[in-house]
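Trainee: Could you pick one part of this protein and take me through it slowly? I'd like to see how the pieces around it link up.

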Amino acid sequence: MHIRSLLSALLISAAAVTNTAAGNAAEIAIVPLPASVTTAQGSFTFPATVTYSVPAYTGDSINVLLQRMIPELQKATGSKFRTSSDAIMKLELDPKLGAEAYTLDVDNDGIAITASRPAGFFYALQSLRQMLPYTSPEASVTIPVVKIVDTPRFGWRGFMLDEGRHIFGKEEVKKLLDAMAAYKMNRFHWHLTEDQGWRIEIKKYPRLTDVGAFRGSRSLGWIGLEPDTMRYGGYYTQDDIREIVAYARDRFIEIIPEIDIPGHTQAAVAAYPELLACDPENPHEVWLMQGVSDDVMNVANPAAVQMAKDIIDEITPLFPFPYIHLGGDECPTDKWKENAACQSLLDSIGSTKYRDLQLYFYKQLTDHIALKPAADQRKLIFWNEVLHGNTGMLPDDITIMAWVGADKAAHEAAKRGLNTILTPQIPYYINRRQSKSPTEPVTQGHGTETLKAVYDYVPVKDIPADLHDKYLGVQGNFWSEYVMTPELLEYLMFPRLAAIAEAGWTPQQKRDYDSFRNRVRALRPMLDAASINYCTHEFQAEGETPDVFEQL
């Protein structure tokens with residue numbers, strides 16, 4: 001249970017204006033910090049009725065997104081909203097702006113928002129929402145005169161959730177998508193398969209969930225930690241997937257499913273040992289431990305390759321976005337070395353490096369995808385370990401997600417002409433301990449991934465300008481080996497997710513930790529309103545005892 005002190009109720013609302021530690025000009029409490037914010041004397045007071053106008057757009061999509069937002073705006077301001085040609089809140093098109101860019105202009109008489117696409121209007125409304133109170137107002141709501149001209153630094157502003165180890169459920173995923181949208185994050189990387197669990201329904205292979213989605217322990221064994229005996233598991237049906245995908249699209253978030261193959265596949269091997277196992281004569285079970293299992297797919301078995309193709313075929317229409325992630329990390333080759341078919345395949349492709357079996361496996365999958373109709377083709381993302389093999393087997397449009405030795409790996413990928421996404425294990429793995437305090441729950445790390453450490457990471461540092469276009473953006477990752485509940489998930493994520501969001505959006509020269517921390521503290525009511533079980537370390541008054549997370 002997460003206990004919050006009564007002092008939290010005394011914090012100022014999100015409409016507050018904060019000052020930087022250096023004594024710079026006052027700034028509006030918005031996270032991530034916009035590219036340009038100019039304040040002036042004066043304010044706008046929301047009247048009893050706010051009239052608004054919306055430009056025509058394909059599918060009436062700008063009006064649709066505003067209608068979704070109006071209940072929140074009404075709650076925050078106490079005003080009624082209705083359409084009128086004589087509007088005090090005007091949404092207008094400006095085709096010169098980028099797809100996610102916007103301007104938000106508040107003067108004494110009203111609010112003007114311009115953008116070229118629905119996404120830009122959506123992000124402008126998120127900024128406006130953060131300027132408003134998060135509790136029902138008792139009096140008229142006033143916001144400062146301000147002009148915001150905003151556009152993101154990176155196109156990829158992501159968060160990854162591992163539900164292979166522990167599954168948190170459809171409503172929790174939606175809750176996290178809402179938080180991502182508030183921070184203007186636009187990529188949800190969904191890690192759905194692992195040694196410890198297979199979490200997505202594949203109709204052609206029902207045992208992937210009948211068997212692979214369940215295991216004989218809720219907790220996962222590790223050094224000095226034994227598995228328990230509780231049956232544990234769960235998965236998302238394809239209807240669940242469609243519902244979550246639609247929910248994400250409404251918030252301008254693309255979902256990247258990850259089917260991690262051929263490593264991290266013991267749950268799948270346990271479900272179909274006759275197709276996937278290198279040693280089908282031996283017993284196989286969904287793994288009860290943390291770490292890396294050596295029970296990987298037999299990539300020399302044509303039936304295993306076909307199964308992988310079938311899975312890609314089945315998930316493609318579920319995720320109508322450009323990318324699929326096929327993992328590629330931490331794939332032991334031990335069982336391939338002991339398997340006659342793998343030995344023979346390695347010889348046939350003219351290699352002596354067993355890692356190349358993994359790359360050849362991917363080549364077969366990319367060739368399969370290339371034969372699909374254009375609408376069904378997907379670009380592939382891999383963890384940076386694939387750079388260690390004969391990358392020439394893969395097409396040159398793959399994307400490398402750089403995690404281990406991230407800066408070096410991303411630079412290597414960019415020099416090879418490959419797109420890359422920065423997701424450094426240190427400090428962007430926000431499942432790790434965020435403090436050295438003895439009150440911290442048991443999880444990975446040593447308490448060095450503080451909010452400041454996460455914020456202070458500088459993406460694309462010291463990279464030649466001619467390679468910058470290969471860096472798609474940044475992403476925070478959450479691995480759930482120790483994390484069994486939504487409460488602990490949120491406690492470790494927040495407010496560190498906001499630091500990653502700001503790295504993805506705000507120009508590097510505008511970033512300042514003291515400013516960020518002030519704005520995050522001012523936006524604490526936003527987290528309270530969303531019922532997020534955030535960590536309070538960064539919100540404590542000086543000398544105040546940190547709240548304790550009681551491990552379940």
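Mentor: Sure, and one term before we start: helices (H or I, at least four residues) and strands (E, at least two) are runs assigned by DSSP, numbered from the N terminus. Also keep in mind that what you're looking at is a predicted model.

Let's settle on strand 11, which covers residues 187-191. Is it buried or exposed? It's mostly covered, with 5 of its 5 residues buried. Now look at its two faces. Arg 187, His 189 and His 191 are on one side, Phe 188 and Trp 190 are on the other, and all of them are buried. So you can call both faces covered, because buried here means under 20% relative accessible area.

Which strands pair with it? One is strand 10 (residues 156-162), which runs parallel to strand 11 and is joined to it by 5 bridges. If you want a spot to find on screen, go to Met 160, whose bridge partner in strand 11 is His 189. To get from strand 10 to strand 11, the chain passes through helix 3 (residues 170-182), and this β-α-β crossover is right-handed. Another partner is strand 16 (residues 254-258), again in the parallel sense and over 5 bridges. Here the residue to find is His 191, which stands opposite Glu 258 of strand 16.

Now let's stay with strand 16 and check the loops at either end. Between helix 5 (238-250) and strand 16 there's a loop that holds Phe 252. Its phi is near 60°, a positive value in a residue other than glycine. Phe 252 has 25% relative accessibility, so it counts as partly exposed.

The loop between strand 16 and helix 6 (266-271) has two things to look at. Pro 262 sits in that loop, and the peptide bond leading to it from Ile 261 is cis, with omega near 5°. His 264 is found in the loop between strand 16 and helix 6 too. Its phi is near 55°, which is positive, and it isn't glycine either. How much of His 264 is accessible? Its relative accessible area is 2%, so His 264 is buried.

You can find another cis peptide bond elsewhere in the chain, between Ile 426 and Pro 427, with omega about 10°. That proline is in helix 13 (residues 425-428).

One more stop, since helix 5 came up: Gln 238, the residue where that helix starts. The side chain of Gln 238 makes a polar contact of 2.8 Å with the side chain of Glu 314. Glu 314 lies in helix 8 (residues 302-315). What is the nearest side chain of opposite charge to Glu 314? That's Lys 203, 6.3 Å away, and Glu 314 is buried yet has no salt bridge. The 6.3 Å gap doesn't qualify because a salt bridge needs the nitrogen and the carboxyl oxygen within 4 Å. Leaving out residues up to four places away in sequence, Glu 314 touches Glu 201, Ile 202, Lys 203, Lys 204 and Gln 238.

To replay the route, begin at strand 11 with both faces covered, then step across its parallel pairing to strand 16. From there, follow the loop towards helix 6 until you reach His 264.

Definitions and conventions
Residues are numbered from 1 along each chain as its sequence is written. This is a predicted model: local features need pLDDT of at least 70, side-chain atom pairs count only at pLDDT 80 or more; totals for chains, interfaces and linings use all residues. Side-chain values use heavy atoms; hydrogens and water are left out. Buried means under 20% relative accessible area, exposed over 50%, partly exposed in between (1.4 Å probe, protein chains only). Lys and Arg count as positive and Asp and Glu as negative; His and the chain ends are not counted. A polar contact is a pair of N or O atoms within 3.5 Å; within protein, one must be able to donate a hydrogen and the other to accept it, and residues adjacent in sequence count only if both atoms are side-chain atoms. Contact means heavy atoms within 4.5 Å. Two strands pair if DSSP finds at least two bridges between them. A crossover is right-handed if, with the strands pointing away from the viewer, the path from the first strand over the helix to the second runs clockwise.
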